[in-house]
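Good morning. I have one structure to walk through today, so please put it up on the screen.

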Amino acid sequence: MADLSSNFVGIKSPNPFWLASAPPTDKEYNVRRAFQAGWGGVVWKTLGAEGPPVVNVNGPRYGAIYGADRRLLGLNNIELITDRPLEVNLREIKQVKRDYPDRALIISLMVPCDEDSWRTILMQIEDTGADGVELNFGCPHGMSERGMGSAVGQVPDYIEMVTRWVKQYSRMPCIVKLTPNITDVRKPAEAAKRGGADAVSLINTINSITGVDLDLFAPEPTIDGKGAHGGYCGPAVKPIALNMVAEIARSEETRGLPISGIGGITTWRDAAEFMALGAGNVQVCTAAMTYGFKVVQEMITGLHDYLDSHEMQLSDLVGRAVPNVTNWNQLNLNYVTKAVIEQDLCIKCGRCYAACEDTSHQAIAMKPGRVFEVIEEECVACNLCVDVCPVEDCITMRELEPGELDIRTGIKRGDYANWTTHPNNPMSKAAE
Ligand SMILES: Cc1cc2nc3c(=O)[nH]c(=O)nc-3n(C[C@H](O)[C@H](O)[C@H](O)COP(=O)(O)O)c2cc1C
Ligand code: SF4
Ligand code: SF4
């Protein structure tokens, strides 16, 4: 039986599912209910420096992107860090941690970029009993204009400097939360590592405008006729987050740096994918905001069943797919496939035909009676028909046997060979 208990940079939790710093972790009431539902840990909603509380907008703070069935695919927000007084948060954190000693409780922090502010807040949170800190260098709106959040996260030198202060003034594990609003996410990760971070977490939200009201001519969500960019999250951002996690996991400079994976995780499968790409644990926000705290139960049972069916432990999963993430020039150009349509499953909608005929390689024929057939001589195996077909597994890709003739190119399938040795590559050895 797989054991889901997790030890992330020395922080123990009964499972690897943490709630990310956001409204679900904004107060004691929420966090207690989250723990009762089964979450292994929480990163408390970001705390700021002592003083007058943060002020949020009083109009709508969210915008959404939906799929055709109105399932929420992407969420945009213009919320700031916690707007509740620091001392209230600290008191609640202490009480919750006392009552749930087996759960992970991490405090997210964002204070001005000077040594005094960081030393002060670290002293203030010292006796809460929290298990670690997460530095919020990711928030892309509101706080960044004040020189915090992504304004720090976009400058590797600042990340390194602040991380050093945190390691100097606190004995707690330090997780640096990265912004995706940057060209190369490896640079801030390297800076965090240089500064002594125990781990990085990513991604925070992506700069976004979800839509424009075409009567008001203003971005949504609209506040009195105006809108501002916000932070995008939810299922739509998962591919971006997965790539960034993989980049850090396989980079020589950051390999081995623990990663907490965040971004669009809704099911156990999403979580397992992040872990396979190197995340030691995962954090979730939008799925909990959309479906409630009990989504964690599907994550726990699903991951359990998956690990058991593959006779794996959690540690066997973490990073397992990283060696298979490579650069394009290493892909096998002699791996040849062809689309195959399963006629019994086809509902004759014609989407594959329209896609291939108009935008791909004219490799699907429409025969009388709306029978759709692949023309192997033309099929370049692009996969577009598979992607647009509304019926799962109706179109699949068949791999040619070694030595089998590709009737499109007239070449028999050969052994592994990539672009670096291809005769058309002016830089290749073969071309010399
Ligand atoms: C309304 C809202 C508020 C958020 N506030 C914070 C915050 O205070 N601190 C922080 O580090 N991240 C904050 N986030 C970002 C989330 O922690 C998380 O990184 C992001 O939503 C991606 O995860 P998801 O796709 O599971 O939502 C917030 C996200 C949302 C939707
Ligand atoms: S894989 Fe691409 S080229 Fe082949 S039939 Fe499908 S859409 Fe056409
Ligand atoms: S898209 Fe799929 S279901 Fe529709 S015609 Fe093509 S194979 Fe059939």
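I will take the whole chain, then one helix, then the surroundings of two ligands.

Keep in mind that this is a predicted model. The chain has 432 residues, and 43% of them count as buried. Its C-alpha trace spans about 75 × 55 × 45 Å along the principal axes. In secondary structure, you are looking at 13 helices and 22 strands.

How is the chain divided into domains? The domain assignment gives domain 1 as residues 6–324 and domain 2 as residues 328–421. The C-alpha centres of domain 1 and domain 2 are 40 Å apart. As for contacts, take those between residues at least 6 apart in sequence: 69% of them join residues at least 24 apart.

Now to the helix, α10, which runs over residues 295–309. With 15 residues at 1.5 Å each, α10 should span 21 Å, and its end C-alpha atoms are indeed 21 Å apart, so the two agree.

Which residues of α10 are buried? They are V295, V296, M299, L303 and L307. These buried residues cover an arc of only 95° around the axis, which means that they sit on the same side of α10. The general background is that an α-helix has 3.6 residues a turn, so residues three or four places apart point the same way.

What does that buried side pack against? The buried residues of α10 meet β3 (17–19), α1 (28–37), α8 (268–276), α9 and α11 (314–317). On the face of α10 turned away from the buried side are the exposed residues D305, D308 and S309. After α10 comes E311, with a positive phi near 50°.

Next, the ligands. Around ligand 1 there are 28 residues, and the nearest are A20, T46, C233, C285 and T286. Three elements each supply at least two residues of this shell: β4 (41–47), β6 (72–77) and α9 (286–291). So α9 appears twice in this talk: as a packing partner of the buried residues of α10, and as a contributor to the shell around ligand 1. By class, the shell around ligand 1 has 13 nonpolar, 12 polar and three charged residues.

Ligand 3 has 13 residues around it. Which of them come nearest? Those are C346, C349, R351, C352 and C389. The shell around ligand 3 divides into 10 nonpolar residues, one polar and two charged.

That is the tour. Thank you.

How values were computed
Residues numbered from 1 in each chain as written. Chains lettered and ligands numbered in written order. Predicted model: local features only at pLDDT ≥ 70, side-chain atom pairs only at ≥ 80, totals over all residues. Near = placed C-beta within 6 Å. Helix = DSSP H or I, 4+ residues; strand = E, 2+ residues; numbered from the N terminus. Nonpolar A, V, L, I, M, F, W, Y, C, P; charged D, E, K, R; others polar. Domains from an automatic or database assignment. Buried ≥ 20, exposed ≤ 12 C-beta atoms within 10 Å, placed from the backbone. Contact = placed C-beta atoms within 7 Å. Expected span 1.5 Å × (residues − 1). Arc of directions from axis to C-beta.
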